[in-house]
Amino acid sequence: MDHFRKLGAPRPATAAAATLADAPSLLRALPRATRWGSLAAVRGSALSVEGLGGGVAIGDRLMVRRPGQPAIQGEFVAFEGQTAVAVPEGGTEGLAPGARIWLEEPLSLSPSDAWLGRVIDGQGRPLDGGGPLPAGRRPVPLRRAAPDALRRRMVGPRLETGLRALDVFVPICRGQRMGIFAASGVGKSTLMGMLARNVEADVIVVGLIGERGREVREFLDHTLGEAGRARSVVVVSTSDQPALARRRAAQATLAVAEHFRAEGKQVFLLLDSVTRLAHAQREIGLAAGEPATARSYTPSVFNELPALLERAGPGPEGEGDITAVFTVLVDGDDHDEPIADAVRGILDGHLVLDRRIGERGRWPAIDILRSVSRSLPRCHSEEENAALSSARRLLGAYADMAEMIRLGAYRGGSDPLVDQAIHHQPALEAFLAQSVEERAAAGAAFARLREVLAA
């Protein structure tokens, strides 16, 4: 009986009561064993750990003790013989040979409706000074597999975004995954804010990955606005944070969205940006010893992208949908660089923002002719598809002859379609332009387009 008291377990009434039936509760009452290792080497941002044997796996979390300073978190990313390689979440200042290392419990989040309107980091800790976050009923892991391809539903009907250019030319359906491809300073954040304020959704989940610290507050207070923020959960990891923190914030964004999808809600997810997530994964891969491939990206980058992006989309029967928009920051305006090319092949469509269109004064600066939605033509009616085809034909004809028209080399009457395109071009440009505060219903947008074409 003294043995039960030493374990801290409840003492049975009689010795006979201590049977095999009590074993599970007794085992749960035992203190958990802690595995210890030691720091063998530090090479750049990679830590070599010894002494843990075969008791660790890729993705396990660890803590590294520093004398007189807080311990550093990290994650195991590779193995070589009996040595495990980890990436720290923070600087390596103060680490010494033989520093003690121990394993930590896996991270999970417990979202609830009380998280709406809040700003958190990748570990679910509040960043907005609004007090502790109430925990939901069930925890969700940060990393998980996408729903089975044969169990998840098809994409649903058209989702009204409140933007004429999208609802008419590049429509988004419920459960669809779209990309916004643009260079810096072309209006990605403004377009995201317009979507968050106007889109028809129960919950909005926003992930700001690798964002500049100065712009986070601006996005929350001005771009997203009070109305958008009230129904949103915003996950933030700024550009000065370690690669692990940035990757974890992206995973947390998907985990929060999956929680609300499992409750049957229509979730609209905005992740800015996939490119900065790829940069974070590249840092982790290089620290793990992976070879650099296309433009110095490691192979794990191209494994991480589909694993994360496929988690969005329709859920199985009885669940809701995650309609997702992922931004891609194209390097040097090169839309065929490796990340843009890989993401374009995973998603269900893409919006291209063109700096030259913005310089002409038309916002949002969407290049309609280079943007594609794979939900077409089935998400429009026959009448809507006819109007869309006519408008695209006119825009394409004008784009083909734009240089000659500007130089005055085109002679009117040479091509009836080009003549018609020149006539309609000002009205079509006005149709595609939309102010930040304006919201346009899809039905009204198509009615206005038909008026433009009939002029």
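Which residues have the most contacts inside the largest nonpolar core? They are Phe169, Phe268, Val274, Phe326 and Val343. Before we zoom in, note that this is a predicted model, where local features need pLDDT of at least 70 and side-chain atom pairs count only at pLDDT 80 or more, while totals for chains, interfaces and linings use all residues. Residues are numbered from 1 along each chain as its sequence is written, and side-chain values use heavy atoms, with hydrogens and water left out.

**View 1. The cores, with Phe268 up close.** The largest nonpolar core has 96 residues. (A nonpolar core is a set of buried Ala, Val, Leu, Ile, Met, Phe, Trp, Tyr and Cys residues joined through side-chain atoms within 4.5 Å; buried means under 20% relative accessible area, exposed over 50%, and partly exposed in between, using a 1.4 Å probe and protein chains only.) Helix H6 (residues 243-262) gives this core its largest share, 8 residues. (Helices are DSSP runs of H or I with at least four residues, strands are runs of E with at least two, and both are numbered from the N terminus.) Now pick out Phe268: leaving aside neighbours within four places in sequence, Phe268 is in contact with residues including Leu159, Leu195, Val199 and Val325. (Contact means heavy atoms within 4.5 Å.) There's also a second, separate core of 14 residues, and Val56, Ile72, Phe76 and Ala86 are among them.

**View 2. Asp272, a buried residue without a salt bridge.** You'll find Asp272 in strand S15 (residues 266-272). The nearest side chain of opposite charge belongs to Arg276, 4.2 Å away. (A salt bridge is a side-chain nitrogen of Lys or Arg within 4 Å of a carboxyl oxygen of Asp or Glu; Lys and Arg count as positive, Asp and Glu as negative, and His and the chain ends are not counted.) What Asp272 does have is a polar contact, side chain to side chain, with Thr327 at 2.5 Å. (A polar contact is a pair of N or O atoms within 3.5 Å; within protein, one must be able to donate a hydrogen and the other to accept it, and residues adjacent in sequence count only if both atoms are side-chain atoms.)

**View 3. Cys173 and Cys379, two cysteines with no bond between them.** The sulfur of Cys173 is 4.1 Å from the closest cysteine sulfur, in Cys379, and that's too far for a bond. (A disulfide is a pair of cysteine sulfur atoms within 2.5 Å.) The count by this rule is 0 disulfides. Cys173 counts as buried because its relative accessibility is 0%, and Cys379 is buried too, at 12%.

**View 4. Cis bonds at Pro364 and Pro377.** A cis peptide bond joins Trp363 and Pro364, with omega about -5 degrees. Pro364 sits in the loop between helix H10 (355-359) and strand S19 (372-373). The bond from Leu376 to Pro377 is cis as well, with omega near 5 degrees, and Pro377 is in the loop between S19 and helix H11 (382-407).

**View 5. Arg295 and Ser296, with positive phi.** Arg295 is in the loop between helix H7 (274-287) and helix H8 (299-309). Its phi is near 50 degrees, while phi of Ser296 is about 70 degrees. Why look twice? Most residues other than glycine have a negative phi. Arg295 is partly exposed because its relative accessibility is 46%.
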